[in-house]
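Open the model in your viewer and keep the sequence panel visible. The stops below say what to select next and what is there.

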Amino acid sequence: MQRSFPGSLPTLSSGGRWYVPRGLANVGVTRRPRLGLLQAGVSLVTLAGIVFWAARQRPPHIPLDGQALADLGAALGLYAAATALRAERWHVILGGAGLLRQRSESYGLTLVGYMGNNALPARAGDLLRVVLVGGPRRTALGTVVAERVLDVCALAVVFTVVVGERRLDVGPLPYLAGAAAALAVVFAVVVRLRRLRRFRDWVRPVTASTRSLVSVRGAALLALSVALWLVEASVYLVVGSAVGIHLGVTGALYVMALTNLSALVPAGPGYVGTYDAAVLLALRSLGQPALGYLIVLRFVLFVPITIAGFAVFLGRHSRRNT
């Protein structure tokens with residue numbers, strides 16, 4: 001799932017100097033410009049639909065009283081806990097792949113990865129992690145692929161259980177979107193297989209971490225993945241409380257699973273457009289007001305972690321590349 005940057009490589013500033021992070025120019029995964037255009041197009045189309053819909057809604061009311069601020073603080077704390085669980089999971093996967101790193105480095109690079117995914121196109125934060133963690137690139141890439149496999153499996157389990165429990169009439173759109181995403185992935189893989197020589201030799205290090213998940217250790221990592229997504233669902237629940245929406249436990253799980261599965265659809269930085277459309281769809285299917293909830297949820301999930309990741313990058317990694 002690792003992708004390089006469409007067009008030119010990103011530049012970052014440190015001490016008044018601009019540079020391309022070391023190693024990005026040498027990553028062997030390339031991206032054609034038209035795929036970047038596809039991502040931008042998906043984001044623009046969904047954003048246009050959201051703006052059209054929002055213009056016909058009442059202005060959202062976002063309370064700023066003491067209780068709401070306390071709920072927001074709790075949501076930020078819960079999201080920090082979910083991020084720590086995610087970083088611990090990657091640390092374990094790295095160790096299993098022979099990439100032994102200090103726990104503080106794994107945690108810091110997890111924040112950097114989120115910063116990159118939120119601020120740069122094409123999930124570039126995952127590419128930053130592969131470059132900055134060091135070691136064989138394809139092995140490092142494989143650890144990120146294993147993470148994504150665990151996430152998809154855990155989210156699919158949560159989504160299936162919640163939909164069955166609540167007997168939600170979510171309509172065909174989520175299933176059609178998931179099927180379209182799966183078909184797009186299969187098509188891309190088939191096209192790539194037809195064009196690459198020695199594919200098995202190239203891909204073996206990438207799939208090593210994923211193959212190792214078929215084990216007791218993999219089952220434990222899947223359980224950890226389910227746990228971290230349950231913690232993240234509590235963020236959705238508490239944000240609802242902050243804006244006066246009662247989702248309930250299963251409702252929060254449903255919104256969380258649907259919106260994060262939407263990240264499979266190609267989009268711009270921070271999943272702009274696709275993520276927002278999924279939140280609105282989920283809230284509307286539950287009969288809840290959505291616009292104010294989306295604004296607060298976007299802030300909690302994207303702003304603080306992006307700032308923290310950028311601070312970690314400047315503090316720990318930028319000096320290596322100047």
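**First stop: α9 and α10**

Select α9 and α10, whose crossing is right-handed (the near helix is turned clockwise from the far one by less than a right angle; anticlockwise would be left-handed). Helix α9 covers residues 248–261 and helix α10 residues 274–285; their axes come within 8 Å and cross at roughly 150°. Axes here are lines fitted to C-alpha atoms, for helices over the stretch in contact, and angles run from 0 to 180 degrees between N-to-C directions. α9 and α10 are therefore roughly antiparallel to each other (angles over 145 degrees count as roughly antiparallel, under 35 as roughly parallel, 65 to 115 as roughly perpendicular and the rest as oblique).

Now show side chains. On α9 the contact is made by Tyr-254, Val-255, Leu-258 and Thr-259; on α10 it is made by Tyr-275, Ala-278, Val-279, Leu-281, Ala-282, Leu-283 and Ser-285. Contact means heavy atoms within 4.5 Å. By class, the residues of this contact of α9 with α10 divide into 9 nonpolar, 2 polar and no charged (Ala, Val, Leu, Ile, Met, Phe, Trp, Tyr, Cys and Pro count as nonpolar, Asp, Glu, Lys and Arg as charged, and the others, Gly among them, as polar).

**What you are looking at**

This is a predicted model, in which local features need pLDDT of at least 70, side-chain atom pairs count only at pLDDT 80 or more, and totals for chains, interfaces and linings use all residues. Residues are numbered from 1 along each chain as its sequence is written, and side-chain values use heavy atoms, with hydrogens and water left out.

Zoom out to the whole protein chain, which has 11 helices and 2 strands. Helices (H or I, at least four residues) and strands (E, at least two) are DSSP runs, numbered from the N terminus. Colour by secondary structure and follow the elements from the N terminus: they run β-β-α-α-α-α-α-α-α-α-α-α-α. Of the 322 residues, 46% count as buried (under 20% relative accessible area; exposed is over 50% and partly exposed in between, with a 1.4 Å probe and protein chains only). Among contacts between residues at least 6 apart in sequence, 74% join residues at least 24 apart.

**Second stop: α3 and α4**

Select residues 103–119 for helix α3 and residues 124–133 for helix α4; they pack at an angle of about 145°, with their axes 6 Å apart. Their crossing is right-handed. Residues of α3 in the contact include Glu-105, Leu-109, Val-112 and Met-115, while those of α4 include Asp-126, Leu-128, Arg-129 and Leu-132. By class, the contact of α3 with α4 has 7 nonpolar, 5 polar and 3 charged residues.

How many of the residues of α3 are buried? The count is 12 of 17, so α3 is largely enclosed by the rest of the structure. Among the buried residues of α3 are Glu-105, Ser-106, Tyr-114, Asn-117 and Asn-118. α4 is mostly covered, with 10 of its 10 residues buried; Asp-126 and Arg-129 are among them. Step just past α4 to Gly-134, which takes a positive phi of about 80°.

Pick the end C-alpha atoms of α3: they are 25 Å apart, which agrees with the 24 Å that its 17 residues should span at 1.5 Å a residue (the expected span is 1.5 Å times one less than the number of residues).

**Third stop: α2**

Helix α2 is residues 66–96. Its 31 residues should span 45 Å at 1.5 Å a residue, and its end C-alpha atoms are 45 Å apart, which agrees. α2 is followed by Gly-98, whose phi is positive, near 85°.

**Fourth stop: Asp-151 and Leu-222**

Select Asp-151, which lies in helix α5 (residues 137–166). Is Asp-151 buried or exposed? At 7% relative accessibility, Asp-151 counts as buried. Leaving aside neighbours within four places in sequence, Asp-151 is in contact with Arg-89 and Trp-229.

Next select Leu-222, in helix α8. Leu-222 counts as partly exposed, at 30% relative accessibility. Not counting residues up to four places away in sequence, Leu-222 touches Leu-150, Cys-153 and Ala-154. Put a distance on Leu-222 and Cys-153: they are 69 residues apart in sequence and 7.8 Å apart in space, C-alpha to C-alpha.

**Last stop: α8 and α11**

Add helix α11 (residues 291–317) to helix α8 (residues 216–242): they pack at an angle of about 130°, with their axes 10 Å apart. That makes α8 oblique to α11. The crossing of α8 and α11 is right-handed. Contact residues include Val-235 and Tyr-236 of α8 and Tyr-293 and Val-296 of α11.
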